[in-house]
Amino acid sequence: MSRGPRSGLAAVSSALLAMSRHLEVRDVLKTIVASARELLAAQYAALGVPDDHGGFAQFVVDGVTDAQWKAIGPLPRQHGILAAMLREAKAERLADVRTDPRFEGWPSAHPEMSDFLGLPIRDGDEVIGALFLANKNCEKPDGGCGFTAEDEELLSILAQHAAIALTNARLYERSRELTIAEERSRLAHELHDAVSQKLFSLRLTAQAAAALVDRDPVRAKGELQQVAALAAEAADELRAAVVELRPAALDEDGLLATLRTQVQVLDRAHTARVTFAASGFRALPAAQEEALLRVAQEALHNALRHSGADHVDVTVNRRGGGAVLRVTDDGSGFDPHLTRRAGRHLGLVSMRDRASGVGGTLTVESAPGKGTTIEMEVPGG
């Protein structure tokens, strides 16, 4: 490496440490790509994670502007050079990728590429990604430069560690999904155990009241009062199990990490694109963070199940000493006034109760065909 052994080792060490810092797959992919491009002084870098249908489940680039990426269009398919790396599981180092017979299918808006270095990322015998670089940044007095055998060796080392980081990130996300599933199962058991006995007693008491109405109205009235008391107790049990149940992930990871993980799970599970962004957020009291999470979950459920949205965006930003949550979708929308009059609340009453319960406010902006925005603001603690 031109910078010398000491500086080269330091650069590799920094890249590996950066990869190990992240636990979420998308963050790991971005770090791998950025580290590879910087380490090997390339103009462009990309990493594709293949799916089972001839395309890429994820594709991350570095060195390409947002405007360029938008102009390029849909994600590439598994063809040409990319397919060769995935299929043959060996490095590809080319002086000019454009002259290779496998060079095909590049969009017209794609940046111009010449020298090329790519290789698969492997987890044992499985190819889990393709990492490639283009356009070595160096002096070209005779019109030539290109990636070297030393570059290929260095990228191979990086790819081996990238495989470990990516596999760890996938295992982490899978464990979080299992945690969410376990939480749902535990909640279902709690609801059953806590409420079913009350509902059974309520049914028997109501039957007794019905039998006494004609022959003993005074006793029937007493039984009906008992029905009301049992119903209130059942409601209290339900509230304790649902409203006051604080997700374990929230205690362990905080609001932003919990929301980000849930958004990523939903993004993979639904056809709609679900995104998350945060800015300037500071930790809030536990009750406020839980209320924000519950409102976000309810709003996401409505958007993904009922609105037919193509995009759902979740943001959390600092506002004064508190925070504001916003869930926006581009779905069918609705008239909040008509919905209220029709007795269909879409969880809005529950969301407003959660907001007011922690001193916050909830606003709903929606109209037929105009999408929906749910905004919840909470003050600082």
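Two strands are treated as paired where DSSP finds at least two bridges between them. On this criterion, the predicted model contains an open sheet of 5 strands, arranged in the order S2-S1-S5-S4-S3 with antiparallel pairing. The edge positions are taken by strand S2 (56-62) and strand S3 (92-94); each has a single partner strand, so one side of each is left without a neighbour in the sheet. From one strand to the next, the twist averages 15°.

At the S2 end of the order, strand S1 (residues 42-50) pairs with S2 in the antiparallel sense over 6 bridges. Within this pairing, Val60 in S2 is the bridge partner of Leu47. Helix H4 (residues 80-88) packs on the sheet and touches S1, S2, S3, strand S4 (116-123) and S5. The direction of H4 makes about 140° with that of S5. Helix H2 (residues 25-39) lies across S1, S2 and strand S5 (126-136), and runs at about 40° to S2.

Side chains of opposite charge can pair when their charged atoms come close. In the model, the count of salt bridges comes to 15. One of these joins Arg102 and Glu92, with an N to O distance of 2.9 Å. Arg102 lies in the loop between S3 and S4, whereas Glu92 belongs to strand S3, so the pair ties together parts that are 10 residues apart in sequence. The two residues are assigned to separate accessibility classes: Arg102 is partly exposed, with a relative accessible area of 26%, while Glu92 is buried, at 4%.

The Arg102 and Glu92 pair belongs to a network of salt bridges that links Arg87, Glu88, Lys90, Glu92, Asp100 and Arg102. Within this network, Asp100 is found in the loop between S3 and S4 and is buried, with a relative accessible area of 13%. The side chain of Asp100 also reaches the backbone nitrogen of Arg102, at 2.8 Å. When residues up to four places away in sequence are not counted, Asp100 touches Ile81 and Leu94.

A further salt bridge is found in helix H8 (residues 286-306), where the closest N and O atoms of Glu290 and Arg294 are 3.8 Å apart. Because these residues are 4 positions apart in the helix, Glu290 and Arg294 are separated by about one helical turn. Glu290 counts as buried at 10% relative accessibility, and Arg294 is likewise buried, with a relative accessible area of 15%.

The side chains of Arg319 and Glu375 also meet in a salt bridge, at 3.5 Å from N to O. Arg319 lies in strand S7 (residues 311-319) and Glu375 in strand S10 (residues 372-378), so this pair ties together parts that are 56 residues apart in sequence. Arg319 is partly exposed, having a relative accessible area of 35%. Glu375, in contrast, is buried at 18%, a value that falls under the 20% limit for burial.

Terms used: Residues numbered from 1 in each chain as written. Predicted model: local features only at pLDDT ≥ 70, side-chain atom pairs only at ≥ 80, totals over all residues. Heavy atoms only, no water. Helix = DSSP H or I, 4+ residues; strand = E, 2+ residues; numbered from the N terminus. Axes fitted to C-alpha atoms, helices over the stretch in contact; angles between N-to-C directions. Contact = heavy atoms within 4.5 Å. Salt bridge = Lys/Arg side-chain N within 4 Å of Asp/Glu carboxyl O. Buried < 20%, exposed > 50% of the residue type's maximum accessible area, 1.4 Å probe, protein only. Polar contact = N/O pair within 3.5 Å; in protein donor to acceptor, adjacent residues only side chain to side chain.
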